[in-house]
Amino acid sequence: MKRIVKNSFLLLALMGLLFSSCKKEYDRPPINVLPVGEVYTIENILNMESGTVFNEDASVYGIITADEKSGNLYKAAFLQDRASGKAIELYLNATSGVRIGDSVRVYLKDVTYALYNGLPQLSNFEADGHIVILANDKPIEPAEATIADVLAGKYLGGLVKLKNVMFTDEGTFADPTGYGNRTLVDPNDLSKSVIVRTSNYANFAKDYLPKGPGNLVAIAAVYNQTWQLYIRSAKELEFEGYNPGGGDDDDEEQVHNLPYFQSFASNFGTYSTYDVMGAQKWVIDYSTAKMTGFENSVNYANEDWLISAPVNLVGVNGASLTMSYIARYFSNLDNDITIQVSSEYVSGNPNEVVWKQVPASWVSGSDWNTFAQTTLDLSEFVGDTVRVAVRYVSTDAKAGTIEVQSMALQEGNGPTPPPGPNPGGEVQNMPYSQSFASEFGTYITKNVLGPQTWTIKYESAWISGHEGGSGGTDNDNEDWLISSPVKIEGVEHAKVVLNYAAKYNAPMAGDVKLLVSTDYVWDADPGTAYWTPVMDEIENNSTGNAWTFTDKEASLDQFIGQTVTVAVKFLSTSNGSRTFEIKNITVQEGQAGGGPTPPPPGPGEGEGSGTFDDPYNVAAGIGNQNPDHQNHPENTVMAWVRGYIVGAVINGTSSVSSNGDVLWNGPFDSATNVVIADDPNCHEITQCLFVNLPAGKPLRTDVNLKDHPENLGKLLAVYGNLRTYFGQAGLRDSNGQYEDFVLEGSEPPTPTGTVYLNETLLTENSFGAFITYSTEGEQEWRFDNRYGAVMSGYADDVSYANEDWLISPSLDLSNATNPVLVFDHARGPEQSMGVGVEEGYYTVWVLGDYGPGNDPVQYPKAEITGVNHPTVKWQYVSSGELPIPMNLRGADMRIAFKYISADGASATWEIKNVIVKEKE
């Protein structure tokens, strides 16, 4: 990615997609003084590299071709060049007042250009601070296009008119609780179709799709490989018999049936407002319908109404209203906020017709982030067509503030309102970025332990186990912030970037971790999945009264080709708690650290190239340190280093400043680290590298001196990040798996005696020596350089029925005396450890005279029994020495691993280090 300065480009480490602002106030430059700077055309921008950030004064001009008025777009608009027809989406930090036909100048400083899932987009700016409206009512005429044109990307982002097209679906434009994807076809060529995507917040979402051919005007867009259209207004649908339910104020008002839901995230939608008294009015603010009589530190007398469209309660068994809101600073909440229902109101002053107040239970809020809900019984109005209203009153002595997030009318006893935009759980594509400026968006939170939870506060995802301010108390907590699943594919390198601030006292090492799972099921208990730490320790970066937000990156290369879930796990205890804030989390292409690898050390600074085959010695590991990782993570070096284990830091030490801070001889009292040196007798900290041992990983369990004092003096090769640890030269951020280190004496022993087969399956050549055959199912055995041969029937959150074979090269055992098979294997995840064990889903066979490429069921075979199976998730165990049946010890026989899964039930089986040898 690049940053634009005048006449030059610079690297950018991160692109963030920000959403609406929270409750903090910021000075904004008046739009009439925004400098013009260098002028770009939309076409200029489209030719730039995705991820470009404008670092200097610059502008682009165009016409607004789509806005938020109908509710089909949220915090977004489209900008088009009248001359060239080139177009781009404007993704805003807040709802805007721009309208179709506005001629505008967009101020580009600090704005990001990127392809968001294939759609060109400008992001990271606010309408108030970056858009200058130059003129109104200058609309662009849509280009006449065909569906084939849209599918070819000819008018991407642009305004088009499609003639003689037809919907193939029935029902409404959108579903009550989510987007509607409806298929539009060319009646003369049914092979040509495109999706019409409609938000459930659009004012025509509940309209029934028109039947028969007609014309429509829309914006041509794309999401990944799916081409789609966004309708601007129901009035631009020209179909015989279609009666728009939304549109402008002069449209005939639609009567809504249950369920009838309205969010006020971007507009009033199907609701109207009426100001009976006072200068203040209902407004859309902070993604809510907000009303207050308090302005400029003065209370004002007001009466203001928020009134629904007519809703049909005929033929239903009961009805209810659920309202999501925050109400603060009221002197008499029950009197100042009331819910009114009328069957007489049409328009005008609501006091001129009869309304009936419905009893409601209100809660006074303590912050601007926690929404309460109240549910009211409307059953007495069944049989009528009614309107529902929120009536607000204030006096010049006291004026409260209310923010209404949503109103939901449904049949029955009053369910929870449908989720708002971005309910989460859908598989995301890179780049995947979530800002927590105003909402959790596509993330969910899980409270496992303790009274505190993740919340949106200070434009961040905020958590602390401390309550009561100075002199308050700390609590035991475990809380998770969990992403939607995201595909890591089509890239050579991938990384996750955490933008965070943290301070105060950590109760333990690793109290905040960033974890990744390949088997987490959306909205489940996080304890049901296996999580790999990619940031095992996240340091404080803020002190005093300041909150300093910085980026921290971790590699996701080990997950390329998989769909993963990212999570931040927070722990606190009654003995201490940090406060942690996250602005955004981004999963994107790129190598963690971003910058070029520093040059190799000069003469006298060390030896080696940092690879597995040629690791740095300790001197080179010290010489290649990034001493300022906090401010310049782009200079990070990930490398292999090899040295003798000479000691460990004394437990409880936070910073090593002398040789006395290290235990050079046992007994050792810490399992979190080891110290390595080029000389096995070295006791000088300036000649040592301090190695972090991540919790719960083999690097810690197998290497630490507290549990394994016999490791003192052994050679250790380890892969990690060369950066400061304990204030000294260090190696950190290792994944800590077996493939990330080699401990002297810990390598798998080379078999002795006669060996017929010895394949680790940990290299492509080794795996390629085996044959895979799929009898049933779409999934197949695959290679992984960390886990060997891997097979699972689980894909896209579903378990499928499979039967798959992994078959060894041909072996000649005709003269073998007592051959045995030995291999290492593991299974997971936790909830699947019992799947298929009794049914024989994981079996081992001998095949005779097998013909490669054919179904192994057709050939002579015998099962090898007595296999030692794993009982703990992802823990490799040895199969034990398994005798090979006498009747199939021929000149052409093979070992075969047979995997089975069923619809709705599967586990992952991992196999490595397959050996056939003579029993000693």
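These legends describe close-up views of a predicted model.

**Figure 1. The whole chain is rich in strands, with 70 of them alongside seven helices.**
The protein chain has 920 residues, and 53% of them count as buried. Its accessible surface comes to about 38,700 Å². Carbon and sulfur atoms account for 47% of that surface. Contacts often span long stretches of sequence: among those between residues at least 6 apart, 73% join residues at least 24 apart. The salt-bridge count comes to 18. The disulfide count is zero.

**Figure 2. Lys 898 is buried but has no salt bridge.**
Lys 898 sits in strand 69, which covers residues 893-901. Which side chain of opposite charge is nearest to Lys 898? It is Glu 803, 4.2 Å away. A salt bridge needs the nitrogen and the carboxyl oxygen within 4 Å, so this pair does not count as one. Beyond its sequence neighbours up to four places away, Lys 898 touches two acidic residues, Glu 803 and Asp 804. The aromatic side of the list holds Trp 805, Tyr 841, Tyr 842, Trp 845 and Trp 909. Thr 843 is also in touch with Lys 898.

**Figure 3. Asp 275 and Lys 281 meet in a salt bridge.**
The N to O distance between their side chains is 3.7 Å. Both partners fall in the partly exposed class. Asp 275 has a relative accessible area of 26%. Lys 281 has a relative accessibility of 49%.

**Figure 4. Glu 303 and Arg 391 form a salt bridge between two strands.**
The side chains come to 3.3 Å, N to O. Glu 303 lies in strand 26 (residues 302-307), and Arg 391 lies in strand 32 (residues 385-394). The two residues are 88 apart in the chain, and the pair links distant parts of it. Is each partner buried or partly exposed? Glu 303 is buried, with a relative accessible area of 11%. Arg 391 is partly exposed, at 23%.

**Figure 5. Lys 356 pairs with Glu 380 across a strand and a loop.**
The closest N and O atoms of this salt bridge are 2.6 Å apart. Lys 356 belongs to strand 30 (residues 356-358), whereas Glu 380 belongs to the loop between strand 31 (372-377) and strand 32. The pair therefore ties together parts that are 24 residues apart in sequence. Lys 356 is partly exposed, with a relative accessible area of 43%. Glu 380 is partly exposed too, at 48%.

**Figure 6. Salt bridges with shared partners build one network.**
The acidic members are Glu 537, Glu 539 and Asp 733. The basic members are Lys 552, Arg 723 and Arg 732. General background: side chains of opposite charge can pair when their charged atoms come close.

**Figure 7. Cys 682 is in no disulfide.**
How far away is the nearest cysteine sulfur? That of Cys 688 is 3.9 Å from the sulfur of Cys 682. This separation is too far for a bond, because a disulfide needs the two sulfur atoms within 2.5 Å. Both cysteines count as buried. Cys 682 has a relative accessibility of 7%. Cys 688 has 1%.

**Figure 8. Strand 31 has a covered face and an uncovered face.**
Ala 372, Thr 374 and Leu 376 make up the covered face. Gln 373, Thr 375 and Asp 377 make up the uncovered one. Strand 31 runs antiparallel to strand 28 (residues 319-328), and six bridges join the two. Ala 372, from the covered face, has Tyr 325 standing opposite.

**Figure 9. His 256 is buried and meets residues far along the chain.**
His 256 lies in strand 19 (residues 256-257). Its relative accessibility is 4%. Pro 310 is 54 residues away along the chain, yet the C-alpha atoms of His 256 and Pro 310 are separated by 6.3 Å. Leaving aside neighbours within four places in sequence, the contacts of His 256 include the run Ala 309, Pro 310, Val 311 and Asn 312. Lys 206 and Thr 270 are also in contact with His 256.

Technical notes:
Residues numbered from 1 in each chain as written. Predicted model: local features only at pLDDT ≥ 70, side-chain atom pairs only at ≥ 80, totals over all residues. Heavy atoms only, no water. Helix = DSSP H or I, 4+ residues; strand = E, 2+ residues; numbered from the N terminus. Buried < 20%, exposed > 50% of the residue type's maximum accessible area, 1.4 Å probe, protein only. Contact = heavy atoms within 4.5 Å. Areas by Shrake-Rupley, 256 points an atom, 1.4 Å probe, with all protein chains shown as cover. Pairing = 2+ DSSP bridges.
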